[in-house]
Amino acid sequence: MSRVTEIDSSRLKIFLAFQNDPLQFVSSLLYDGDMVSLRSSRKRPAYVVNSPEFVQEILVGKDDFFIKGRSSSVLSRTIGDGLLTSEHEKHQQQRNYMQPVFYKERIQAYAETVIGEARAFADRLTDGQTLSVSDEMMKLTLTVIAQTMFATNLEERKSELAAAVNDTIERSARTLFLPFILPLGVPTPGNLVHRRAIRTLETMIYEVIDDAFNHPEPYRLSLLGLLMDTKDAQGQGIPSDEMRNQMMTMLLAGHETTANLLTWIWFSLAENPEVEAKFHQELDHMDLTTGSAMENYRKLSYTSLIIQEALRLYPPAWVILRESEREVSLLGETFPPQSTFLISPYALHRNKHVFKDPDVFRPERFADGISKWPRFAYFPFGGGSRSCIGSNFAMMEATLILAVIGKQFRFRRVDTSSVVPEPLISLRIKGGLTMAAYKHG
Ligand code: HEM
């Protein structure tokens, strides 16, 4: 019997349902079969993948049959050919030269920066202050990325650059699932906003690259320093437009994801006082001002469970897209070239047959590890050759930011409006999240 089922609806209805509410759409198909065909065009069929086995086959087993396809074309309008968007040998080559930025020793040094920035943020907060937690987390993670990856202090340009990153992400997300992609050169209002945002980011990036060539020493241990030192077999260095692409990649991939995750966590802690109490109990027993940042990070075991649970319920990368380049056989089923596969961690992480009470925020479910679930039932950082290169960095960053701020403050919502997830490039809270900060301890 085929493991591919066909959805019982017209193409137009499917298209509209997806456009209207992508999360609801993918979730509604979760129990309709291991792989659900969307009855899209015969030439370019599309499928929603529901079974961890198929996910593993696509991301790992048969990964060389697939490219990122549409998601790459949309993002490359901003990033160019960077690690997130490049394909084939070029991707492999870029992954090899970028990997050392994420070596353990480097992460240790970044951890000190994270602690410093989180502490500066907490020191500025006052008891009873109302703030946009979503905006503040964006600015905080942007500062961290700029310091660790580009050895650059953004200071007063933080808000402008955060807004520019936001614009590029919003414009890219709005384009991702449109029936056709209008070239960026067409002067629609949306494209003009997008182009302006790219210019803002590029100006900062090229200023930093110029400065790094003139005064290399301060940049030596950053991504930029690594890019400047990298040579190919012929002794050729990386051209500055490729450096620009990799820096743009880090701005887009490495800051919004973590900021959204943190925002979801502050929301979840406020909604789940028992979890919040255990979180504070862990922090009360720790002195984050002594010992190395990395040592402290390793001791924050309950905080780490909270993060894993938030990554389950609110995975920033809510969808992973793949397109087959040629005919491919997956677990005995054959799919034609140019088939699109929609893999949604958001939907799969809520499978009631895998996770008991899937909608409940319960960090303890991770206490004895994840090996009790099928592989790829839980995969917030993707998998295979395209898995997240920054996953260790992200876990360290989120843990230390939560701990440093959580040691002094708790947050409460200031209104009762419902919190709605918004699936852009990464999963946000629609309209942001405003909360009040209260000092404790
Ligand atoms: C909670 C935070 C994060 C989450 C949930 C996340 C998730 C992901 C996922 C699922 C992928 C794979 C996408 C695919 O297969 O199509 C990915 C790729 C990537 N991520 Fe992350 N990410 C996070 C943070 C970061 C950070 C902090 C950085 C950099 C400092 C980063 C850099 C990248 C890059 C460069 C890629 C592309 C890797 C490649 O294709 O070789 N991410 N991320």
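Two strands count as paired here if DSSP finds at least two bridges between them. The model is a predicted one, and on that footing strand β9 makes a handy starting point. In β9, F341 is the bridge partner of R322. That contact belongs to the pairing of β6 (residues 320-324) with β9, which is antiparallel and takes in four bridges. Strand β3 (residues 46-49) also joins β9 through four bridges, but here the two run parallel. F341 turns up again in this pairing, with Y47 standing opposite it. As for the side chains of β9 (residues 340-343), T340 and L342 point one way while F341 and I343 point the other way, and all of them are buried.

A second set of strands sits elsewhere in the chain numbering. Three strands make up an open sheet, ordered β5-β13-β10, with antiparallel pairing. At the edges are β5 (130-132) and β10 (409-413), each of which pairs on one side only. Neighbouring strands of this sheet are turned against each other by 40° on average, direction ignored. Between β5 and β13 (residues 434-439) there are three bridges, and the two strands run antiparallel. Within that pair, T130 is found opposite A436 of β13. A helix packs here too: α12 lies across β10 and β13, and runs at about 80° to β10.

Helix α12 also has a part in the ligand site. The ligand is surrounded by 25 residues, and the closest are G254, A317, G382, C388 and G390. Three elements give two or more residues to this shell, namely α11 (240-253), α12 (256-271) and α17 (391-408). Sorted by class, the shell holds 15 nonpolar residues, seven polar ones and three charged ones.

Both α11 and α12 come up once more around helix α8, since they are among the elements that cover the buried residues of α8. The cover also includes α4 (70-79), α7 (133-150) and α9 (189-214). Helix α8 itself (residues 158-176) is 19 residues long and reaches 27 Å from its first C-alpha to its last, close to the 27 Å expected at 1.5 Å a residue. The buried residues of α8 are L161, A162, A164, V165, D167, T168, I169, R171, S172 and T175. The charged residues D167 and R171 are thus on the buried list alongside nonpolar ones such as L161 and V165.

Technical notes. Residues numbered from 1 in each chain as written. Predicted model: local features only at pLDDT ≥ 70, side-chain atom pairs only at ≥ 80, totals over all residues. Near = placed C-beta within 6 Å. Axes fitted to C-alpha atoms, helices over the stretch in contact; angles between N-to-C directions. Contact = placed C-beta atoms within 7 Å. Expected span 1.5 Å × (residues − 1). Buried ≥ 20, exposed ≤ 12 C-beta atoms within 10 Å, placed from the backbone.
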